[in-house]
Amino acid sequence: ANSVTWNPHKMMGVPLQCSALLVREEGLMQSCNQMHASYLFQQDKHYDLSYDTGDKALQCGRHVDVFKLWLMWRAKGTIGFEAHIDKCLELAEYLYNKIKNREGYEMVFDGKPQHTNVCFWYVPPSLRNTEDNEERMNRLSKVAPVIKARMMEYGTTMVSYQPLGDKVNFFRMVISNPAAAHQDIDFLIEEIERLGQDL
């Protein structure tokens, strides 16, 4: 690839904003971003000017955001990050296994999730055993938004939802907090059912 982006603020839990853009072509970032701000990047400094990285970055002085990643890596280490990510993957698999054959839940995609995003519909009792047609899909598309609104109103939990192509609104549970436990996943499942029984 000519370029790769990497966002440690996602799966690695580094505070926002922390992203990297790696490019193959040497000098490309500088030729695209340099502003030659003489008040910032004076050419008569008494040290190696290559250390003035601000003229190579999208955010000029914000390029020190990578310091957050460095600090976390120093604190957690590679093994710590590995354990963090493995725990999130295990929790996603636990959620998948709990709902894949549970009444009232339908997986959006076939097979086990490949990462920590678990996509599913909650199908309330009024829609179970109904014909799979446009009317059912229209009604199902309204379920996740109502449940999320109720979650926020009660302040118990919050899960995002979205449509995708011909797939109507579904819950997209992204597990990125290794401090979560199986009982948190169990609570989530029960709470969705509690808040959506009457829909």
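**Exercise 1. Place E106 and account for its contacts.**

Solution. Step 1: E106 is partly exposed, at a relative accessible area of 31%. The structure is a predicted model, and E106 sits in its strand β3, residues 105–107.

Step 2: list the contacts. Leaving out residues up to four places away in sequence, E106 touches F120, W121, V123 and R136. For F120, 14 residues along the chain from E106, the C-alpha to C-alpha separation is 5.6 Å.

Step 3: look at the side chains. Those of E106 and R136 are joined by a polar contact of 3.0 Å. The pair also meets the salt-bridge criterion, at 3.0 Å from N to O, where the cut-off is 4 Å. Because E106 belongs to strand β3 and R136 to helix α3, this bridge ties together parts that lie 30 residues apart in sequence.

Step 4: compare the two partners with the cut-offs. Buried means under 20% relative accessible area, and partly exposed runs from there to 50%. R136, at 8%, is therefore buried, while E106, at 31%, is partly exposed.

**Exercise 2. Describe the overall make-up of the chain.**

Solution. Step 1: take the secondary structure. The protein chain has five helices and six strands. Read from the N terminus, their order is β-β-α-α-β-β-α-α-β-β-α.

Step 2: take burial and surface. The chain has 199 residues, of which 33% count as buried. Its exposed area is about 12,800 Å², with 53% supplied by carbon and sulfur atoms.

Step 3: take the contacts. Of those between residues at least 6 apart in sequence, 54% join residues at least 24 apart.

**Exercise 3. Which residues of helix α5 are buried, and what covers them?**

Solution. Step 1: define the helix. Helix α5 covers residues 182–196, 15 residues in total. From its first C-alpha to its last it reaches 21 Å, close to the 21 Å expected at 1.5 Å a residue.

Step 2: name the buried positions. They are I185, L188, I189, E191, I192, E193, L195 and G196. A helix pattern helps in reading such a list: an α-helix has 3.6 residues a turn, so residues three or four places apart point the same way.

Step 3: find the cover. The elements over these buried residues include α2, β3, β4, α4 (143–154) and β6 (167–174).

**Exercise 4. Trace the salt bridges between helix α5 and other parts of the chain.**

Solution. Step 1: start from the total. The structure holds eight salt bridges. As background, side chains of opposite charge can pair when their charged atoms come close.

Step 2: take K98 and D186. Their closest N and O atoms are 3.4 Å apart, and the two residues form a salt bridge. K98 is in helix α2 and D186 in helix α5, so the pair links distant parts of the chain, 88 residues apart. Both partners are partly exposed, K98 at 32% and D186 at 25%.

Step 3: take R102 and E193. Their side chains meet in a salt bridge of 2.7 Å, N to O. This pair, too, links distant parts of the chain: R102 is in the loop between α2 and β3, E193 is in helix α5, and 91 residues separate them. R102 counts as partly exposed at 25% relative accessibility, whereas E193 counts as buried at 13%.

**Exercise 5. Is T116 buried or exposed, and what does it touch?**

Solution. Step 1: locate the residue. T116 is in the loop between β3 and β4.

Step 2: apply the cut-off. Relative accessibility of T116 is 1%; buried means under 20%. T116 therefore counts as buried.

Step 3: list the neighbours. Apart from residues up to four places away in sequence, T116 touches M11, C88, L89, A92, M173, V174 and I175.

**Exercise 6. Examine two surface features: the phi angle of N129 and a nonpolar patch.**

Solution. Step 1: take N129. N129 lies in the loop between β4 (117–122) and α3 (134–141), and its phi is near 60°, a positive value in a residue other than glycine. Most residues other than glycine have a negative phi. N129 counts as exposed, at 82% relative accessibility.

Step 2: take the patch. V64, F67, W70 and L71 form a nonpolar patch on the surface, with a combined accessible area of about 420 Å². One of these residues, F67, lies in helix α2, residues 66–99. F67 is partly exposed, with a relative accessible area of 46%.

Note on methods:
Residues are numbered from 1 along each chain as its sequence is written. This is a predicted model: local features need pLDDT of at least 70, side-chain atom pairs count only at pLDDT 80 or more; totals for chains, interfaces and linings use all residues. Side-chain values use heavy atoms; hydrogens and water are left out. Helices (H or I, at least four residues) and strands (E, at least two) are DSSP runs, numbered from the N terminus. Buried means under 20% relative accessible area, exposed over 50%, partly exposed in between (1.4 Å probe, protein chains only). Contact means heavy atoms within 4.5 Å. Accessible areas come from the Shrake-Rupley method with a 1.4 Å probe; for residues, only the protein chains shown count as cover. Patches are made of residues with over 30% relative accessible area and no salt bridge: like charges are joined within 9 Å, nonpolar side chains (Val, Leu, Ile, Met, Phe, Trp, Tyr) within 5 Å. A polar contact is a pair of N or O atoms within 3.5 Å; within protein, one must be able to donate a hydrogen and the other to accept it, and residues adjacent in sequence count only if both atoms are side-chain atoms. The expected span of a helix is 1.5 Å times one less than its number of residues.
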